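This briefing is meant for a reader who is new to the structure shown below. Please keep the sequence and the model in view while reading.

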Amino acid sequence: MEALVHICRDGCRTIGPHDRDLEKNQQPCSYGACRGLEQLVRHFAGCKLRVPGGCSHCKRMWQLLELHSRLCADSSLCRVPLCRYLLLFHVCVWI
């Protein structure tokens with residue numbers, strides 16, 4: 001979860017928030033999960049597989065985003081995509 005928030009808030013190596021430029025000479029990342037997570041985010045953003053059942057990589061990303069939204073302390077200020085939307089979705093489902 002920390003790596004996901006780190007990528008969405010600060011940016012890491014090759015991916016980051018849309019409103020921020022990444023530094024060219026950035027220090028190596030302290031989060032071990034960032035490299036795989038960066039690849040997963042890139043895949044999720046460009047996946048063309050739109051069939052019932054979907055793509056296993058995209059399902060994993062949806063699960064990660066959903067888990068984050070459940071654990072997020074302040075979804076109104078969160079920079080993780082869909083955090084607030086998924087939190088509201090879960091609240092509506094349980095009502």
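**Helix 2 and its surroundings**

In helix 2, the buried residues (buried meaning under 20% relative accessible area, exposed over 50% and partly exposed in between, with a 1.4 Å probe and protein chains only) are Cys34, Leu37, Glu38 and Leu40. They lie on the same side of helix 2, because they cover an arc of only 165° around the axis, the arc being that of the directions from the helix axis to the C-beta atoms. The model is a predicted one, in which local features need pLDDT of at least 70 and side-chain atom pairs count only at pLDDT 80 or more, while totals for chains, interfaces and linings use all residues. Residues are numbered from 1 along each chain as its sequence is written, and side-chain values use heavy atoms, with hydrogens and water left out.

**More on helix 2**
- Helices (H or I, at least four residues) are DSSP runs numbered from the N terminus, and helix 2 has 13 residues, 34-46.
- From its first C-alpha to its last, helix 2 reaches 18 Å, close to the 18 Å expected at 1.5 Å a residue, where the expected span is 1.5 Å times one less than the number of residues.
- Arg35 and Gln39 are exposed on the other side of helix 2.
- The buried residues of helix 2 pack against helix 1 (2-9) and helix 3 (56-71).

**The nonpolar core**
- The largest nonpolar core, a set of buried Ala, Val, Leu, Ile, Met, Phe, Trp, Tyr and Cys residues joined through side-chain atoms within 4.5 Å, has 16 residues, and those with the most contacts inside it are Leu4, Ile7, Leu37, Met61, Leu65 and Val80.
- Helix 1, helix 2, helix 3 and helix 4 (83-94) are the elements that give two or more residues to this core, and the largest share, four residues, comes from helix 1.
- Leaving aside neighbours within four places in sequence, Met61 is in contact (heavy atoms within 4.5 Å) with Leu4, Leu40, Val41 and Phe44.

**The salt bridge**
- One salt bridge, defined as a side-chain nitrogen of Lys or Arg within 4 Å of a carboxyl oxygen of Asp or Glu, is found in a search of the whole structure.
- Glu66 forms a salt bridge with Arg70, with the closest N and O atoms 3.0 Å apart, and both residues lie in helix 3, four residues apart, about one turn of the helix.
- Glu66 is partly exposed at 30% relative accessibility, and Arg70 is partly exposed with a relative accessible area of 48%.

**A loop residue**
- Leu82, in the loop between helix 3 and helix 4, has a phi near 65°, a positive value in a residue other than glycine.
- With 34% relative accessibility, Leu82 counts as partly exposed.
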